[in-house]
Amino acid sequence: MKRNYEGCALCDATWGDYWRVVDGENMFFCCSICADAFENMVNEVKKVTGWERIDEIKIEGNY
Amino acid sequence: MWLNRNITKEKRDKEKLERMLREFYDFSDSGLANWIRKRFVEKFFSAQPHPFIAEMQNPSKYTLMGYVTEHYHFLRQWVKSCAFIIAKSDSYDVQIYEMRNISEEYFGQGKERPHIDLLLRMGESLGLPRDRVITSSPLPATRRGINFWNRVCRDRHWLLGMVSMHSLELIADRNVKKYGASFSYFDPKILDGDATPETKDFLRAGYEADVYHSSDALNLVEKYAEELKMERDVQSYFLLSEDKFSDYLNARLERGRLYEKEL
């Protein structure tokens with residue numbers, strides 16, 4: 001899955017060392033909270049759209 | 001997450017991180033009260049403000065309705081927190097400050113209506129009956145905040161209760177732009193626009209009251225934190241409280257979205 005972040009897949013932080021397989025890919029996260037949020041987001045998008053996989057994701061906003 | 005939000009999102013070595021943490025907590029240049037003001041402004045009023053602040057620049061009817069319901073529960077806790085502080089402090093200036101604050105919330109001052117009544121009237125003017133607000137239950141984030149503020153004020157030193165509660169009044173402080181804010185709590189044009197008169201009354205009252213509320217309280221906090229040598233604890237509780245407050249502001253938005261779906 002192509003992403004616009006190089007750090008944590010959700011928040012782009014480079015702290016931490018938490019890894020989880022999402023959509024078949026082993027991804028780096030700063031913490032389990034970000035991993036949960038990212039995984040939920042991916043699952044929700046798939047559920048709503050009916051897509052089997054997501055090729056690219058761009059996250060905007062950083063409050 | 002705390003490091004991301006308060007220090008940096010980039011991994012640093014131990015020495016650099018130590019230095020950044022020291023700098024973050026350092027208030028030697030302008031005092032503890034101004035440190036609190038600066039941190040609060042960074043969190044809620046930066047160029048990318050808190051979502052509730054962004055929404056309040058041009059709020060929908062439903063956002064204001066959500067504001068009414070969640071804030072009603074917040075205010076009910078507010079006076080309890082102030083009362084705990086009065087009961088636990090022997091300082092006359094603190095007691096007077098808290099009594100005035102409670103009085104404005106529940107009884108009003110002079111010809112002004114109580115803040116809690118102004119809030120409920122704003123709701124009614126938007127089509128939200130006060131009974132519905134009063135009989136509602138707070139959303140989970142509001143409940144977590146209320147529980148936190150209740151616990152701090154009941155179980156901890158009164159000064160920690162005081163900073164946890166009254167730092168939050170900075171949210172409506174007109175002076176936030178002096179501390180680097182890119183936004184104010186709401187766009188003052190709302191007061192001249194086509195909002196309901198009750199909405200204008202509520203927003204104007206908070207706008208006028210909270211300036212001295214938060215300023216007086218933070219000056220008291222600074223004075224007693226130094227006297228009691230509790231500066232570090234005061235900083236920690238302020239940071240905890242503003243996190244709970246951030247979640248609570250999101251609950252106002254969440255309630256607004258629920259009303260929008262339903263009404």
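User: Which helix of chain B has the highest mean pLDDT among the elements of that chain?

Analyst: This is a predicted model, where local features need pLDDT of at least 70, side-chain atom pairs count only at pLDDT 80 or more, and totals for chains, interfaces and linings use all residues. Residues are numbered from 1 along each chain as its sequence is written, while chains are lettered from A and ligands numbered from 1 in the order in which they are written. The score pLDDT is the predictor's confidence in each residue, from 0 to 100, and helices (H or I, at least four residues) and strands (E, at least two) are DSSP runs numbered from the N terminus. Helix H1 (residues 2-6) of chain B has the lowest mean, 83, and the highest, 98, belongs to helix H9 (residues 140-155).

User: What pLDDT does chain B average?

Analyst: In chain B, 98% of the residues score at least 70. The chain's average is 93.

User: How many residues does chain B give to the contact with chain A?

Analyst: Two residues are in contact if their C-beta atoms, placed from the backbone, lie within 7 Å. Chain A gives 11 residues. From chain B come 9.

User: Is Asp23(A) buried or exposed?

Analyst: Asp23(A) sits in the loop between strands E2 and E3 (25-29) of chain A. A residue is buried with 20 or more other C-beta atoms within 10 Å of its own, exposed with 12 or fewer, and partly exposed in between, with C-beta atoms placed from the backbone. Because Asp23(A) has 16 such atoms, the label is partly exposed.
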